[in-house]
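Open the model in your viewer and keep the selection box at hand. Each stop below says what to pick and what is there.

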Amino acid sequence: QVQLVESGGGLVQAGGSLSLSCAAAGSIFSINTLGWYRQAPGKQREVVAIIDSGGSTNFANSVKGRFTISRDNAKNTVYLQMSSLKPEDTAVYYCNLVNFRLGAYVNYWGQGTLVTVSS
């Protein structure tokens, strides 16, 4: 089992910055991805950014150039640095861990943290 605990959400004005962090605890496999997803009211959950255990990253087109993702493997923690925030970035942000082993994978989710960007 894996537990993911997010922190860092809050209210920020448009154009501002905010950082999220997510600490993972439990059975974390050596091959994994850590990522951030978000879900706005009335919309489906969407990927924001993902970083794999080798450090490769992928971003949603809507956040490229504004958000960065990083991880500290020693602390089993993933970070999302958000800048130039827009009202449309308002959502509940969820941390995600995917463990990979022997061709199978298991998804874990955090409880979510609310980010509100005011115009």
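**Stop 1: N76**

Select N76. At 31% relative accessibility, N76 counts as partly exposed; that class lies between buried, under 20% relative accessible area, and exposed, over 50% (1.4 Å probe, protein chains only). Before going on, note that this is a predicted model, where local features need pLDDT of at least 70, side-chain atom pairs count only at pLDDT 80 or more, and totals for chains, interfaces and linings use all residues. Residues are numbered from 1 along each chain as its sequence is written, and side-chain values use heavy atoms, with hydrogens and water left out.

Where does N76 sit? N76 is in the loop between β7 and β8. Strands here are DSSP runs (E, at least two residues), numbered from the N terminus. Now check the backbone of N76: phi is near 50°, a positive value in a residue other than glycine. Most residues other than glycine have a negative phi.

**Stop 2: β7 and β8**

Select residues 67–72, strand β7. Which of its side chains are buried? F67, I69 and R71 point to one face and are buried. T68, S70 and D72 point to the other face and are not buried.

Add residues 77–82, strand β8. The two strands pair in the antiparallel sense over six bridges; strands pair if DSSP finds at least two bridges between them. Look for R71: its bridge partner in β8 is V78. Together β7 and β8 form a hairpin with four residues between them.

**Stop 3: the cavity**

Stay with R71 and N76. Both are among the residues that line the largest cavity. Add the rest of the lining: A24, I28, L34, D72, N73, T77 and L97. By class, the lining has four nonpolar, three polar and two charged residues. Ala, Val, Leu, Ile, Met, Phe, Trp, Tyr, Cys and Pro count as nonpolar, Asp, Glu, Lys and Arg as charged, and the others, Gly among them, as polar.

The volume of this cavity is about 40 Å³. A search of the whole structure finds one cavity of 30 Å³ or more. On a 1 Å grid over the protein atoms alone, a cavity is a set of points where a 1.4 Å probe fits but cannot get out; a pocket is an open set with protein on both sides within 12 Å along at least five of seven lines, and lining residues have an atom within 4 Å of a point. A volume is the space filled by probe spheres set on the points.

**Stop 4: β9 and its partners**

Select residues 91–101, strand β9. Eight of its 11 residues are buried. Next, bring in the partners:

- Strand β4 (residues 32–39) pairs with β9 in the antiparallel sense over eight bridges. R38 has Y93 as its bridge partner in β9.
- Strand β10 (residues 104–109) and β9 pair in the antiparallel sense over six bridges. F100 stands opposite Y105 in β10.
- Strand β11 (residues 113–118) and β9 pair in the antiparallel sense over three bridges. V92 has L114 as its bridge partner in β11.

Now click L102, in the loop between β9 and β10. L102 has a positive phi of about 50° although it is not a glycine. At 84% relative accessibility, L102 counts as exposed.

**Stop 5: the disulfide**

Select C22 and C95. They form a disulfide, with their sulfur atoms 2.1 Å apart; the cut-off for such a pair of cysteine sulfur atoms is within 2.5 Å. C22 lies in strand β3 (residues 18–26) and C95 in β9, so the pair ties together parts that are 73 residues apart in sequence. Both C22 and C95 are buried. The torsion about the S-S bond of C22 and C95 is about -85°, so the disulfide is left-handed.

**Stop 6: two aromatic pairs**

How many aromatic pairs does a search of the whole structure find? The search finds two. Rings of Phe, Tyr and Trp (its six-membered ring) pair if their centres lie within 6.5 Å; planes under 30 degrees apart count as stacked, over 60 as edge-to-face and the rest as tilted.

Select Y37 and W109. Their ring centres are 4.9 Å apart and their planes at 75°, so the pair is edge-to-face. Then select F100 and Y105. This pair is tilted: 6.2 Å centre to centre, 40° between the planes.

**Stop 7: the pocket**

Finish at the largest pocket, with a volume of about 160 Å³. Of the 13 residues that line it, the closest to its centre are R38, K43, E46, E88 and D89. The lining divides into two nonpolar, four polar and seven charged residues.
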